[in-house]
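Reader: Please walk me through the salt bridges here. Take them one at a time.

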Amino acid sequence: MARSGLAGPVRVARWADAALGPGSDGATADGKATLSDSTARRAAADLGLSVDQIRTDWDTARLAGLVEVHGDSARPGWRLRAWDRDDSAVLRGWVALFDAWSLASPESEEHEPAAVAEVVSAMPQVLSFLQLSAGPVPVEQLLDLLQQRVTELRTERCEVPYEPGGEQPGESGSARPTVPAARQPSEPGSAQPVVSEARGASEPGHSGPAAGAPDPGDRTAAVAEDTAPAGDTPLEPLLDWALRALASVGALTYGDGQATLTPLGSWAVWVKLEQICVAAQSPAGNIEQSAEDMLRGCAQLRPNAARAEYRAWLAARTVGAAVTELIHAARGEDALLRGLAFEALRVVGAPAEPDVRAVVDEPALRPYALLWLAEHDGIDPEDAHEVLTRQEATWLWVDTAAAVADHGESPMLVRHLESAVQPTVPQMLDEVRAVGHPRTVQVLVALAAAHPDPALAKAVRRAAFQVHTGG
């Protein structure tokens, strides 16, 4: 269903890849890769479609992450590259479009922007109700639910204004409601929660208005008067717009005074509700931490528990921001965090592929990136090491030994010696000295101190000294 719904945008995205990509003749016709009138006409002629259909499919392709515009060139997104071989890429592309439903069908200019933002913020509850109903729901019932939710949002947004001589908010525990999330397009592939607004909670102990201050009810009325344009806007036409927009992306069917989630729409809502549950059940409580702190918190967890923590941490963030933060953590000096960051990137999966490929040329990350890409391409993890050269495998061995030396115990470092790719210790020492890892001296010193064989420990210390002195 997702493939058929996005067939048109995929066709336009592939045309853009051929006609507007770097080095193509078509890219110079307009001087830019956006759909100018001449570009749209050329695409319509090439594909046998109307100009309006080309523009619609182009906009949908960009929202679904099938195409990315960079300056004067259009570049295929990772989803388009994986479209024919990866069903998850198709589903992620459709979910990105589902998240951006309010952009896929812009609202009428006659509607108040504040009222539109309230409806967009309230629609997750409407979708959740449709999912729980598992069938057609009358529009009147959805309108009643929408009105209730919008009323809650307006109540949460009202704050007691500061007035000289009166009691300042927070001094006597006055309520400080939260502001609803702004209406922004989510990043393609991102994990956007279905229920995204937090309820404000009043603090205990408020003893009423200060002497001489206006009644709080009058203050609320004054704030409500300031937002009168949104409050006076009827919600029926906005609900109609929202349902039609969601129907245009294939999330529901709408007609005859009722709406019904499609199987694809029901699946998307269920997945997003599940993401909220995953994020709320962070096993080790690291969901609010930075990537580096989260990885440190996972260092002592068993693999399954660590993966559960990665999933919870990722569910609370957009994919792009999470991947960027993990890559940044991997570039640090702590070798343990480098390995754990790529384990977390394995949980991310295909959306991380462009970022992982981008760091292949960085010496510190290259072996990890090559192994990640090999496993992503379907190579068995036990055989993935075969994609590394002897030098890359040696560099990875030293980096892993540095992680063990910093965070493990001496017996672990001795056992790590057995995993070296070289058949003999002298050969291993020669190649370790030649690989140029910045932690080589520390690793060899730690190995010499931990190894029970005096002769071998002496040889390792000598190697460490030679590296230290440049010999």
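Reader: Is E152 buried or exposed?

Author: Buried means under 20% relative accessible area, exposed over 50%, partly exposed in between (1.4 Å probe, protein chains only). E152 is partly exposed, at 32%. This is a predicted model: local features need pLDDT of at least 70, side-chain atom pairs count only at pLDDT 80 or more, and totals for chains, interfaces and linings use all residues. Residues are numbered from 1 along each chain as its sequence is written, and side-chain values use heavy atoms, leaving out hydrogens and water.

Reader: Which side chain does E152 meet in a salt bridge?

Author: A salt bridge puts a side-chain nitrogen of Lys or Arg within 4 Å of a carboxyl oxygen of Asp or Glu. E152 pairs with R149 at 2.8 Å, N to O. R149 is buried, at 4% relative accessibility. Helices are DSSP runs (H or I, at least four residues), numbered from the N terminus. The two residues sit 3 apart in helix α10 (residues 139-157), so about one helical turn separates them.

Reader: What does R357 bridge to?

Author: To E353, with the closest N and O atoms 2.9 Å apart. Both lie in helix α19 (residues 353-358), 4 residues apart. R357 is partly exposed at 42%, whereas E353 is buried at 10%.

Reader: Where do R439 and D406 lie?

Author: Their side chains meet in a salt bridge of 3.0 Å, N to O. R439 is in the loop between α23 (425-435) and α24 (440-450), and D406 is in helix α21 (residues 390-407), so the pair ties together parts 33 residues apart in sequence. D406 is partly exposed, at 40%.

Reader: Which residues do shared partners join into one network?

Author: E292, R296 and D334.

Reader: How many salt bridges are there in the whole structure?

Author: The search finds 14.
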